[in-house]
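Q: I'm new to this one and would like to walk through it slowly. Could you show it to me?

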Amino acid sequence: MTKKSALVALGLAAALVMTGCAGDSSQSGSPQDGATITIAKPDGAIATESNNPWVGDSSGLKLGYINAILEPLGLINLLDPTAEARPWLAEEITWSENFTALTVVARNGVTWSDGTPFSADDIEFTFTLLQENPELDTAALNITDVVKNDNSVTISFGSSMFVKQDKALHKHIVPKHIWEDVADPATYTNKNPVGTGPYTLSQFDTQSVELTARDDYWGGEVAAPTLYYVSYNDNTALTTALANGDADWAQAFIPNVESAFLDKDPEHNVYWAASGLGIDAMFVNTESKPFNDQAFRQAMNLVIDRDKHKDIAREGSVPSVSSITGLPTPAGDPFIAPEFKGKNFRVNVKEARSILEDAGYTWSEDVLTDPSGETVSFELSVPQGWNDYVTGISLIADAATELGAETTVNTPDSDTWWEMKSNGEFQAILHWTDTGATPYDIYSDTMDGRWLKPMGESADYNFGRFNSAEATAALAAYANGPEEETRTAALNTIQQIFVEQVPAMAIGTRPFIGSYNTRNYVGWPGEENPYAPADPTQPNAVLILTTLTAAPSDR
């Protein structure tokens, strides 16, 4: 056993002892008063603590616990993005007609966890900080001005926020009296986070994080006095924890969900996958062989079996992605360009080989050789323990053999993989796109020039460094178009580039997945009450935590 794996095992054992000692893992009898909620992910040890709300690989964002400490201005339900935003730290939310300005009124009666009153000053400071430190503005909001007027703040943007209303409203607000003394907010670890949320950080280690409920939270008393955020080694360990009651809530793929989880306690265990406009995609490095060649990308796109990915990698738990535009059904159907309606992915090895042959590729004893005479080979990588992703890249590796390409599968630890992905030090990976109210996030995340970073520098999306001025311009036109006709024309161009140039490959749908039990707490979102995605890593998690109530003792 390596030093790191030993640490993981030790940390997991400690976490399980800790949650077990809390006395809330029983699956029988009456609900337990004051039970803790253990929230789980399958990412292995969290080596470094960081509660920076804007750095994507911070432990607070990865595990999701930052959403119980820091809060946003408002919440948008991405299961129903057409619904009005729910005011949160803002009592009132008003957009200008062209979505280039947002005016909010700070909520009265809110205090930070150190007792300092919350005010419009904190909102003004937060968005000014994002404006002055663009590396923190991962959603590229392009903030141009922030003006406070008594208890209201107006944030102006350099372009329309039509496709980014959720990105603006979901930004965590930080306390001015703490962050104004921070020399470099991009590297600040914020180890003692002060927030307006219902919980405070009480303990951190590499495998688990403890949060304790505040008794002075502006939203009132929350039902669960303690939260544990635990990171298990892999999906299998997480599923076992959910099944035996050591974990209560998770966002993770569960193999054989019926037998492994639901059937263990049919009365209380719930698995809910709710569709949105997001996908799993194979990001490929377009700056190096073999994926710097459009012909090879087109050929690979023709041999990947999306139905097999759904049936084997995702075990039928989510729909397959069928449209060649990459848009999931049914959420994406209204957005599909007329020329692509009814055109679905199909495996066609013959056509794929024909594309390669026309591009100058040859075969020697079924081994594919590129036009320069080099054998075609590439590595696919995802973190160890992400079972569905590991199976997914294995299926893609098998598909590549139909072309004669040689492949290897690499499963590093999640921290190593995250750095590889961000810095462009990979050939092919599976990764998700963001989900939004329109298809913008799917396409922007995979091919927008605004994400471009030189190789070796950390990118927040467009990890494959696809560089197309046309795609970038069309995405900007879609986001900023003053009328529907302009936006529709831009979206049609975007889809044409995605289909023909294959900057990334849509592999599967990515619904919001939540697994939880109702033994001790009720009020969870679900099919009957879809008020939020049941995903503990989303900003809406604070709404769930404040909605839950103790389960009736007489049931």
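**A first walk through the model**

A: Let us begin with Ile66, which sits in the loop between helix 2 (59–63) and strand 2 (74–75). Please keep in mind throughout that this is a predicted model.

Q: Okay, is Ile66 buried or exposed?

A: Ile66 counts as buried, because its relative accessibility is 0% and the cut-off for buried is under 20%.

Q: And what does Ile66 touch, leaving out residues up to four places away in sequence?

A: With those set aside, Ile66 touches Asn51, Pro53, Gly60, Leu61 and His172.

Q: How far apart are the C-alpha atoms of Ile66 and Trp418?

A: Those two C-alpha atoms are separated by 19 Å, and the residues are 352 apart along the chain. Trp418 also belongs to a nonpolar core, which we can come to in a moment.

Q: Let's do that now. Which residues touch the most other members in the largest nonpolar core?

A: In that core of 72 residues, the ones that touch the most other members are Leu73, Ile123, Phe127, Phe157, Leu211, Leu227 and Tyr229. Helix 3 (residues 120–132) supplies the largest share of this core, with 6 residues. There is also a second, separate core of 67 residues, and its members include Ala397, Ala399, Trp418 and Phe498.

Q: Phe157 was on that list, so what is it in contact with beyond its neighbours within four places in sequence?

A: Beyond those neighbours, Phe157 is in contact with Trp95, Thr100, Ala101, Leu102, Leu141, Asn142, Ile143, Thr144 and Ala168.

Q: Leu211 was there too. Which residue is its bridge partner?

A: The bridge partner of Leu211, which is in strand 9, is Leu201. Strand 8 (residues 199–204) and strand 9 (residues 208–213) pair in the antiparallel sense over 5 bridges, and the two form a hairpin with 3 residues between them.

Q: What about strand 10, how does it pair with strand 9?

A: Strand 9 pairs with strand 10 (residues 226–231) in the antiparallel sense, over 5 bridges. Within strand 10, Thr226 stands opposite Thr212.

Q: Changing topic: how many cavities of 30 Å³ or more are there?

A: The structure holds 1 cavity of that kind, and about 50 Å³ of space lies in the largest cavity. Its lining is made up of Ala35, Thr36, Ile37, Asp248, Asn517, Asn520, Tyr521 and Trp524. By type, the lining residues divide into 4 nonpolar, 3 polar and 1 charged.

Q: Where is Ile37 found?

A: Ile37 is found in strand 1 (residues 37–41). Ile37 is also buried, with a relative accessible area of 2%, and its C-alpha atom is separated by 8.5 Å from that of Pro225, although the two residues are 188 apart along the chain.

Q: Now the backbone. Which peptide bond is cis, going into Pro290?

A: The one from Lys289 to Pro290 is cis, with omega near -5°. Pro290 has its place in the loop between strand 13 (279–284) and helix 8 (294–303).

Q: What is the phi of Ala140?

A: Phi of Ala140 is near 50°, which is a positive value in a residue other than glycine. Ala140 lies in the loop between helix 3 and strand 6 (143–149), and it is partly exposed, with a relative accessible area of 25%. Asp150 likewise has a positive phi, of about 60°, although it is not a glycine. Asp150 is found in the loop between strand 6 and strand 7 (152–157), and with a relative accessible area of 66% it is exposed.

Q: Last topic: how many residues of helix 13 are buried?

A: In helix 13, 8 of the 8 residues are buried, so this helix is largely enclosed by the rest of the structure. Its buried residues pack against helix 4 (165–169), strand 13, helix 14 (469–480), helix 15 (484–501) and strand 19 (504–509).

Q: And what leads into it, say around Thr433?

A: Thr433 is found in the loop between strand 18 (428–432) and helix 13 (440–447), and it is buried, with a relative accessible area of 3%. Not counting residues up to four places away in sequence, Thr433 touches Gly278, Ile279, Asp441, Ile442, Asp445, Thr446, Tyr461 and Arg510. Among these, Asp441, Ile442, Asp445 and Thr446 are buried residues of helix 13.

Conventions:
Residues are numbered from 1 along each chain as its sequence is written. This is a predicted model: local features need pLDDT of at least 70, side-chain atom pairs count only at pLDDT 80 or more; totals for chains, interfaces and linings use all residues. Side-chain values use heavy atoms; hydrogens and water are left out. On a 1 Å grid over the protein atoms alone, a cavity is a set of points where a 1.4 Å probe fits but cannot get out, and a pocket is an open set with protein on both sides within 12 Å along at least five of seven lines; lining residues have an atom within 4 Å of a point. Grid points are joined across faces, edges and corners, and a volume is the space filled by probe spheres set on the points. Ala, Val, Leu, Ile, Met, Phe, Trp, Tyr, Cys and Pro count as nonpolar, Asp, Glu, Lys and Arg as charged, and the others, Gly among them, as polar. A nonpolar core is a set of buried Ala, Val, Leu, Ile, Met, Phe, Trp, Tyr and Cys residues joined through side-chain atoms within 4.5 Å. Buried means under 20% relative accessible area, exposed over 50%, partly exposed in between (1.4 Å probe, protein chains only). Helices (H or I, at least four residues) and strands (E, at least two) are DSSP runs, numbered from the N terminus. Contact means heavy atoms within 4.5 Å. Two strands pair if DSSP finds at least two bridges between them.
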